[in-house]
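Q: Please take a close look at one part of this model, the paired strands. Then set that part in the context of the whole chain.

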Amino acid sequence: MTLSVENKILRNVLDIESFARGRAVKLVKILDQAERAALAKLGTFKDTSTFSRRMMSITLTELGGTLADVSERYTNVLNKARREVLQMEYNAASKALANDLAKTTTAKVATRLSTGRLSTLLAAPFGGHTLSTWVTRQNSNLIRATRTELAKSLALNETVQQASKRLIEGFGVKRRAANTIAKTSLLQAGNDARDEMYRDNGQLIEGYQYVATLDARTCPICAPDDGRVEENREDLPELLRHPNCRCTIVPITPLSEDLTRPAVTDQDFRTVNHADGSTSTKTKIVSTKRTTQNFDQFFRSQPASWKRDWLGEERYALWRAGKLKSLEDLASNTRVLTVNQLKTRLGVDA
Ligand SMILES: [Zn+2]
């Protein structure tokens, strides 16, 4: 069975996500090197001696140096993956579009991303930052987390051995960071490829639809736009809107029907402990249904407990009291309002 262009694109997004998970594993391996180097530095001191300020500074200098060294490899892995996604997604999405359009028109669909545009897209900043700024920021987060952990050893007069354990603890942030950066940069590449393809074939496309994910992790920035249709791509938000954003824009063709897609009605969150001492959250989908609902309708059709989990206790109270009526009130275009900001917006006493 051939999928319609919108369903094909939604499936591509899942493929890109799983590709990103594979790249994240590579990135964690590259960062493991920096961790090993810092631990080796600590290993030059006697396990049982008291961890000192001097040892801390030596370890952090080593860490900074190795991170600078591995950054280039890290960026290369990501850029290679971005290039792959840009080309693959342009091809796959344009072919799916051509396939649908062939039934109603003889017009030719552009199916190849030019080399010039590819270079421009590769160099283009995402989320207001270039990839190297992101990587630099991630490195400083890693150093900060490690410094925080080592400072505890200092304060508690711990041994070098105990400090080593804390160093590993500080590195716990790397797995999550690598996942976010891989997923965000590759989903961004997928979106860039589609936007480029939409621009090249704009005269053949009737409209565009905003698609968020129907599950409990969809954020209040994206949720209210789910299902929105506009004639021009520019009238829908630029994607991605935030790190880990899973939103997608799909084209409307003469064949388009109401989009039917899976909604996650129940999921479990489970903490996974990794061998290196870090943890991450794994979600297990418990039940799904196929639906044509948008997020707003999906939300309203959920039981009270689901609504409370998604909104949080205080926002849910506002919802129950009928003060909060529209999901659009929960966020501005780029950020979620705090409960107090929300109360001000709704004219409720804080
Ligand atoms: Zn989003």
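A: Two strands count as paired if DSSP finds at least two bridges between them. The model is predicted.

Start with strand 1, residues 207-211. Strand 1 pairs with strand 3, residues 248-252. The two run antiparallel, and 5 bridges join them. One contact point to find on screen is Tyr210, whose bridge partner in strand 3 is Ile249.

Strand 1 also pairs with strand 2, residues 229-230. This pairing is antiparallel too, with 2 bridges. Here, look at Tyr208: its bridge partner in strand 2 is Glu230. In a regular strand, side chains alternate between the two faces of the sheet.

How covered is strand 3? Mostly: 4 of its 5 residues are buried. Buried here means that 20 or more other C-beta atoms lie within 10 Å of the residue's own.

Now step back to the chain. The domain assignment gives domain 1 as 5-302 and domain 2 as 303-350. Their centres, taken over C-alpha atoms, are 27 Å apart. Where the domains meet, 11 residues of domain 1 are in contact with 13 residues of domain 2. On the domain 1 side, the touching residues comprise 8 nonpolar, 1 polar and 2 charged.

To retrace the strands, go from Tyr208 to Glu230 in strand 2, then from Tyr210 to Ile249 in strand 3.

Definitions and conventions: Residues are numbered from 1 along each chain as its sequence is written. This is a predicted model: local features need pLDDT of at least 70, side-chain atom pairs count only at pLDDT 80 or more; totals for chains, interfaces and linings use all residues. Domain bounds come from an automatic or database domain assignment. Two residues are in contact if their C-beta atoms, placed from the backbone, lie within 7 Å. Ala, Val, Leu, Ile, Met, Phe, Trp, Tyr, Cys and Pro count as nonpolar, Asp, Glu, Lys and Arg as charged, and the others, Gly among them, as polar. A residue is buried if 20 or more other C-beta atoms lie within 10 Å of its own, exposed if 12 or fewer, and partly exposed in between; C-beta atoms are placed from the backbone.
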